[in-house]
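The exercises below concern charged pairs, nonpolar cores and cysteines, and each is followed by a worked solution. Please look at the sequence and the structure before reading on.

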Amino acid sequence: MQKETERREKAEYIAREIIAEARGRLVLHFPYLDQAIYGLRPLPLKSVPFGSDGSFLFYDPIFLIDQYERDENSALKLLLHTTLHMLFRQALVGVRIQRPLWNLACDIAVEHLTESFDLPGLKSGREEARKDVYGKLQREGVYMSAEAVYAWLCEHPPSEPEYVLYRDLFQRDSHRVWYRREDGIQLPDVPEILNWEEIRQDATSLCEAENEDKNSLFLELLRGRRKPKADYSKFLTRFLARSEIMQPSRTEFDGGLYHLSGSLYGPIRLIEPLECSDDPHLTELLIAIDTSGSVKGQRVRRFVQRTCEILCGRDVFAPGTKICIVQCDDRIRDVSMIRSRNELDTYLTDLRLSGFGQTDFRPVFELAGEYVRRGEFSGLAGIFYFTDGDGVYPRKAPPFETVFVIDSDMPGRAHVPPWAVRVDMDEDSFGSEEK
């Protein structure tokens with residue numbers, strides 16, 4: 001018993017030294033990742049060969065030593081791989097995620113990024129086989145982020161032999177602890193939760209100060225392919241149409257001169273209103289509200305009210321305008337067809353949310369398709385879907401533009417498919433970042 005204890009203590013000591021050496025080498029090459037690399041607390045755990053839940057760095061000392069004996073750079077590769085998972089918050093997963101495909105997507109994205117770094121110790125000897133996979137994805141137009149790769153894998157599920165091959169090519173660490181809460185895995189309490197969003201922002205700022213050509217892919221992924229902040233009201237104008245309608249133009253007709261002419265010359269008007277207008281107006285729009293249990297009612301109201309205020313402020317209602325507002329969790333709960341400003345005001349006043357079950361986005365798209373087939377919609381501009389992003393998405397892109405407005409309280413759970421536009425709901429002012 002004493003010999004076993006001494007053997008374990010010796011193994012833990014050696015493993016700690018291996019990790020310390022790997023940390024030092026990585027920080028020397030990636031100084032902007034020091035918070036991420038040293039933020040994780042090493043903790044020996046026999047049941048997890050190597051991995052992290054965002055707070056601890058779990059490792060099996062015997063496994064780590066065995067890997068080191070085979071390849072002295074193994075700890076370097078493992079540590080960078082796991083750290084990148086945490087830096088991109090890939091361990092923050094929703095309950096409906098397809099675990100095997102999400103795990104694989106994260107490993108592919110991280111290894112693709114790792115191989116872009118100019119560090120000889122990171123070479124694995126299997127680069128050619130991996131390049132075949134990267135090439136296949138890139139030929140399909142897949143952006144090499146975990147979210148985009150996952151969306152593609154869901155659309156094109158690999159066969160069992162393909163999955164095993166890809167897993168063996170890209171897997172390094174264990175993702176078991178990512179699902180510790182869902183699976184009821186008992187692990188030590190976390191004394192302090194790491195703020196990975198803040199760590200990521202700091203790493204981005206420090207990386208930007210270096211040679212951008214050297215770290216262009218890494219910077220792009222850190223930034224999340226974000227465009228400069230866009231005003232939400234300006235973004236909505238993309239869905240307004242210009243076409244001639246039989247009503248006076250609000251921009252070209254001067255009502256003051258018209259009434260002055262009447263007071264001076266009676267029924268003979270010198271200035272007549274234009275009979276038609278091509279002012280921007282709304283044709284048809286579907287606003288979907290995720291009413292699952294994870295979405296907050298107050299924020300839902302804020303989204304609907306702000307969206308409708310912007311639309312109404314532009315006086316977008318015209319003959320034929322339709323705003324269909326749908327409440328849906330895992331099935332359609334309520335449908336309201338709005339055709340005028342008065343109807344919209346009444347809807348907002350009497351708004352009551354219903355549902356609070358699981359999240360399935362597909363019923364809304366099925367409803368939109370049915371309305372198009374029945375002729376209820378003849379010019380649907382698009383779908384605005386307010387949600388936390390954690391749910392079942394359609395497997396195929398719909399024939400109309402789709403915007404997922406993501407509740408910023410839970411950004412890590414949103415895995416929006418590449419065929420949709422994502423707009424993050426700003427915490428304070430309903431600004432947005434289009435991606």
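**Exercise 1.** In this predicted model, the side chains of R172 and E111 form a salt bridge with an N to O distance of 3.1 Å; work out which parts of the chain the pair ties together, and whether each partner is buried or partly exposed.

*Solution.* Begin with the location of the partners: R172 sits in the loop between α8 (160-170) and α9 (180-183), whereas E111 belongs to helix α5, so the bridge ties together parts that are 61 residues apart in sequence. Next, take the accessibilities: R172, at a relative accessible area of 22%, is partly exposed because buried means under 20%, while E111, at 2%, is buried. Finally, follow the shared partners, through which salt bridges join E111, E115, R130 and R172 into one network.

**Exercise 2.** Set the pair E370 and R373 beside the pair D360 and R362, and state how accessible each residue is.

*Solution.* Start with E370 and R373, whose side chains meet in a salt bridge at 3.0 Å, N to O. The two residues are three apart in helix α16 (residues 362-374), so about one helical turn separates them. E370 is partly exposed at 30% relative accessible area, and R373 is exposed at 63% because the limit for that class is over 50%. Then turn to D360 and R362, where the closest N and O atoms are 2.8 Å apart; here D360 is buried at 12%, and R362 is partly exposed at 36%. As a last step, place these pairs in the total count, which comes to 17 salt bridges.

**Exercise 3.** Describe the largest nonpolar core, asking which residues touch the most other members and which helix supplies the largest share.

*Solution.* The largest nonpolar core has 74 residues, and L33, L64, L84, L87, W102, I108 and F218 touch the most other members. Helix α5 (residues 99-114) supplies the largest share of this core, namely nine residues. For I108, set aside the neighbours within four places in sequence; the remaining contacts are V133, Y134, L137, M144, V149 and F170. Apart from this core lies another, of 24 residues, which includes C308, F317, F386 and V423. As general background, nonpolar side chains in soluble globular proteins tend to be buried together.

**Exercise 4.** Determine how many disulfides the model contains, and whether C207 and C324 are buried or exposed.

*Solution.* Applying the cut-off of 2.5 Å between cysteine sulfur atoms gives a count of zero disulfides. C207 is buried, at 0% relative accessibility, and C324 is buried with a relative accessible area of 0%.

Methods. Residues are numbered from 1 along each chain as its sequence is written. This is a predicted model: local features need pLDDT of at least 70, side-chain atom pairs count only at pLDDT 80 or more; totals for chains, interfaces and linings use all residues. Side-chain values use heavy atoms; hydrogens and water are left out. Buried means under 20% relative accessible area, exposed over 50%, partly exposed in between (1.4 Å probe, protein chains only). A nonpolar core is a set of buried Ala, Val, Leu, Ile, Met, Phe, Trp, Tyr and Cys residues joined through side-chain atoms within 4.5 Å. Helices (H or I, at least four residues) and strands (E, at least two) are DSSP runs, numbered from the N terminus. Contact means heavy atoms within 4.5 Å. A salt bridge is a side-chain nitrogen of Lys or Arg within 4 Å of a carboxyl oxygen of Asp or Glu.
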